[in-house]
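Here is a short report on one protein chain. It goes from the whole fold down to single residues.

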Amino acid sequence: MLEYIVRQFIDFQLFVNAVPFGVGHINDTFKVEVRQNDRLVHYLLQRINHQVFQQPERVMENISLIAQHLSHQDYPLKILTPFPLKLGAWVHQDAEANYWRLFPFFENTITFDKVESEEQAYKAAKAFGAFAKSLNEVDVSRLRATIPGFHDGQARLAQFKIILQKAIPERLQEASAEVEMVLDNQLIFNKIAKLNLPLRAIHHDTKINNLLFDKDTLQPVAVVDLDTVMPGIILSDFGDMVRTFTCPADEDEVDLEKVEMRPSYNQAVSEGFLSEMRTLLIPAELENLGEGGRWMTLMQALRFLGDYLMGDVYYKTKYPGHNLIRAKNQLALFHSMLRQDM
């Protein structure tokens with residue numbers, strides 16, 4: 001079946017194999033090897049999770065628009081450009097109503113699940129900054145929301161309050177302290193919304209594992225996972241880097257003593273990102289950039305906690321209470337940020 005799907009995008013002499021690739025939790029990804037023009041070539045084939053991305057065509061229209069725009073910019077990284085179907089569309093729908101897409105495979109690259117040094121934090125933040133900088137002149141009205149309300153703090157808070165009314169009673173009781181922490185700090189969502197920051201074309205998922213590095217030089221090569229590139233505010237991308245780059249612990253670390261925002265890593269993120277974006281940001285963005293980490297971290301805590309209260313219906317869990325541990329973790333990180341008054 002996979003050979004047939006790949007042939008809808010490209011011509012080749014021989015289909016060699018296709019093996020699962022990566023550890024993504026949303027889409028199914030395969031590294032495909034084919035013989036093409038008498039040489040072996042690799043591609044990345046993905047099945048789009050249409051439960052998460054309910055309009056796959058919209059996702060691909062955004063990605064193709066972004067790729068086309070970047071190709072006309074002085075952009076220092078490689079561009080993740082999708083292959084169109086031979087018939088002209090961006091996705092192939094199979095007999096079981098699954099949606100498939102094809103990308104180039106960037107050879108000799110590596111990903112990281114954790115930021116391993118301040119230098120790496122700087123390089124990664126600079127790469128994401130270069131991505132944002134090159135998208136500065138994109139007409140955001142041409143981009144569609146692939147997950148409506150994804151980083152809308154006020155909407156997430158309103159949804160959370162509805163969840164509290166429908167929550168599993170035993171779980172609501174067990175998580176009462178965490179619910180109180182979220183509600184005690186909820187004003188940050190109104191504060192960010194009232195800034196009325198400009199909408200920009202942003203990535204919306206600036207984790208270190210969405211950046212490819214050269215295996216030999218360890219320099220950034222490409223920004224990937226562009227499914228959530230859509231209109232948003234710059235605090236989303238900066239804040240998610242602060243949230244995920246500066247903490248040495250995983251999101252489900254049980255020992256909360258290990259969960260903290262490291263100031264030196266936060267400084268590296270800020271310097272790297274602003275080395276590309278400083279001159280493009282308006283004063284309100286620059287003045288409130290530091291709020292991004294707190295805002296994104298509390299929002300993530302709220303999302304984990306809400307999912308726990310509803311019975312773990314969104315995030316994959318490995319054991320009962322996994323989402324509650326994640327929420328406790330993110331709340332600990334949030335309070336670490338508050339204490340350090342970044």
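What follows covers the overall fold first, then selected sites.

**Basis**

This is a predicted model, in which local features need pLDDT of at least 70, side-chain atom pairs count only at pLDDT 80 or more, and totals for chains, interfaces and linings use all residues. Residues are numbered from 1 along each chain as its sequence is written, and side-chain values use heavy atoms, with hydrogens and water left out.

**Whole chain**

The chain holds 12 helices and 10 strands. These are DSSP runs numbered from the N terminus: helices are H or I with at least four residues, strands are E with at least two.

The radius of gyration is 21 Å, which agrees with the value near 20 Å for a compact globule of 342 residues. That radius is taken over C-alpha atoms, and the globule rule is 2.2 Å times the number of residues to the power 0.38. The C-alpha trace spans about 60 × 45 × 40 Å along its principal axes.

Of the 342 residues, 53% are buried. Buried means under 20% relative accessible area, exposed means over 50%, and partly exposed lies in between (1.4 Å probe, protein chains only). The exposed surface of the chain comes to about 16400 Å², and carbon and sulfur atoms supply 50% of it. Those areas come from the Shrake-Rupley method with a 1.4 Å probe; for residues, only the protein chains shown count as cover.

Contacts (heavy atoms within 4.5 Å) reach far along the sequence. Among those between residues at least 6 apart, 72% join residues at least 24 apart.

The charge count is 35 positive and 45 negative side chains, and the centres of the two sets lie 2 Å apart. Lys and Arg count as positive, Asp and Glu as negative; His and the chain ends are not counted. Each charge is placed at NZ of Lys, CZ of Arg, CG of Asp or CD of Glu.

**Two buried arginines**

R47 sits in strand β3, residues 39–48. Its relative accessibility is 18%, so R47 counts as buried. The side chains of R47 and D28 share a polar contact of 2.7 Å. A polar contact is a pair of N or O atoms within 3.5 Å; within protein, one must be able to donate a hydrogen and the other to accept it, and residues adjacent in sequence count only if both atoms are side-chain atoms. Not counting residues up to four places away in sequence, R47 touches N27, D28, N98, Y99 and W100.

R171 belongs to helix α5, residues 169–174. R171 counts as buried because its relative accessibility is 18%. A polar atom of the R171 side chain lies 2.8 Å from the backbone oxygen of Y308. Beyond four places in sequence, R171 touches Y308, L309, G311 and D312.

**Buried sites and sequence separation**

F128 lies in helix α3. At 2% relative accessibility, F128 is buried. Leaving aside residues up to four places away in sequence, F128 touches residues including H203, K207, V223, M241 and F273.

L135 falls in the loop between α3 (118–134) and α4 (153–166). L135 is buried, with a relative accessible area of 1%. Past four places in sequence, L135 touches I66, H69, L70 and A201.

A301 is in helix α11, residues 291–309. A301 has 0% relative accessibility and so counts as buried. Its contacts, neighbours within four places aside, are A327, Q330 and L331.

The table sets out C-alpha distances for these sites.

| Pair | Residues apart in sequence | C-alpha distance |
|---|---|---|
| F128 and F238 | 110 residues | 8.9 Å |
| L135 and T244 | 109 residues | 23 Å |
| A301 and L331 | 30 residues | 6.0 Å |

**Positive phi**

Most residues other than glycine have a negative phi. Which value does phi of N196 take? Phi of N196 is near 50°, a positive value in a residue other than glycine. N196 lies in the loop between α7 (187–194) and β7 (200–202). At 65% relative accessibility, N196 counts as exposed.

H204 also has a positive phi, near 75°, and is a residue other than glycine. H204 lies in the loop between β7 and β8 (211–214). H204 is buried, with a relative accessible area of 4%.
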